[in-house]
Amino acid sequence: QVQLVESGGGLVQAGGSLRLSCAASGSIFSIGAMGWYRRAPGKQRELVARITSAGSTNYADSVKGRFTISRDNAKNTVYLQMNSLKPEDTAVYYCNAAVNIAGDNNWYLYWGQGTQVTVSS
């Protein structure tokens, strides 16, 4: 069993910063790409940022230049540094990870439980 546990959400004023963390634990052989998604009230879930095991990144246009995704492979953890936050960044943020459990060719996608980020104007 693999678990992803997010932390770091909260309430912040517009222009402020937050850092989200997501730690994977359990029966892990290796982790591939990891990502952050968000779901705002009344909207569909959207990709925020993604990082491969080699460190290549991509971002949603709405967060480019403000958010930075990084990972610590030794700790099986992915981070999202969010700066210059805007009210429209308010959402539940979820992390995910592609996990290989047995060292074979099977990869499984796991999700965290979500953490609320609220940006006040």
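In the predicted model, Asn100 is buried, its relative accessible area being 2%; this value is under the 20% limit, and the residue is therefore classed as buried. Asn100 belongs to strand β9, which spans residues 91-100. A polar atom of the Asn100 side chain is placed 2.6 Å from the backbone nitrogen of Gly103. When neighbours within four places in sequence are left aside, the contacts of Asn100 comprise Ile28, Phe29 and Ser30 on the one hand, and Asn105, Asn106 and Trp107 on the other.

Strand β9 also takes part in the nonpolar interior. The largest nonpolar core contains 30 residues, and those with the most contacts inside it are Trp36, Val48, Phe67, Val78, Leu80, Met82 and Tyr93. At least two residues of this core come from each of the strands β1 (2-7), β3 (18-26), β4 (30-39), β5 (46-51), β7 (67-72), β8 (77-82), β9 and β11 (115-120). The greatest contribution is that of β9, which provides five residues. Such an arrangement may be set beside a general tendency: in soluble globular proteins, nonpolar side chains tend to be buried together. Val48 illustrates the connections of one core residue. With residues up to four places away in sequence not counted, Val48 touches Trp36, Phe67, Leu80 and Tyr93, which are also among the core residues with the most contacts. Further contacts of Val48 include Tyr37, Arg38, Asn58, Tyr59, Ala60 and Val63.

Strand β11 is paired with two other strands. Strand β2 (residues 10-13) runs parallel to β11 and is joined to it by four bridges, with Gly10 standing opposite Val117. Strands β9 and β11 run antiparallel and are joined by three bridges; here Val117 is the bridge partner of Ala91. Val117 thus appears in both pairings, opposite Gly10 of the one and as partner of Ala91 in the other. The two faces of β11 differ in their surroundings: Thr115, Val117 and Val119 make up the covered face, whereas Gln116, Thr118 and Ser120 make up the uncovered one. In a regular strand the side chains alternate between the two faces of the sheet.

A covalent link was also identified. The model contains one disulfide, formed by Cys22 and Cys95, whose sulfur atoms are 1.9 Å apart. Because Cys22 lies in strand β3 and Cys95 in strand β9, the pair ties together parts that are 73 residues apart in sequence. The link is right-handed, with 50° about the S-S bond. Both Cys22 and Cys95 are buried.

A further asparagine, Asn83, is located in the loop between β8 and β9. Asn83 has a relative accessibility of 29% and therefore counts as partly exposed, whereas Asn100 is buried at 2%. The side chain of Asn83 forms two listed polar contacts, one with the side chain of Ser17 at 2.9 Å and one with the side chain of Gln81, also at 2.9 Å. Apart from neighbours within four places in sequence, Asn83 is in contact with Gly16, Ser17, Arg66 and Phe67; of these, Phe67 is among the core residues with the most contacts. The C-alpha atoms of Asn83 and Gln44 are 23 Å apart in space, with a separation of 39 residues in sequence.

Technical notes
Residues numbered from 1 in each chain as written. Predicted model: local features only at pLDDT ≥ 70, side-chain atom pairs only at ≥ 80, totals over all residues. Heavy atoms only, no water. Buried < 20%, exposed > 50% of the residue type's maximum accessible area, 1.4 Å probe, protein only. Polar contact = N/O pair within 3.5 Å; in protein donor to acceptor, adjacent residues only side chain to side chain. Contact = heavy atoms within 4.5 Å. Core = buried A, V, L, I, M, F, W, Y, C linked by side-chain atoms within 4.5 Å. Pairing = 2+ DSSP bridges. Disulfide = S-S within 2.5 Å.
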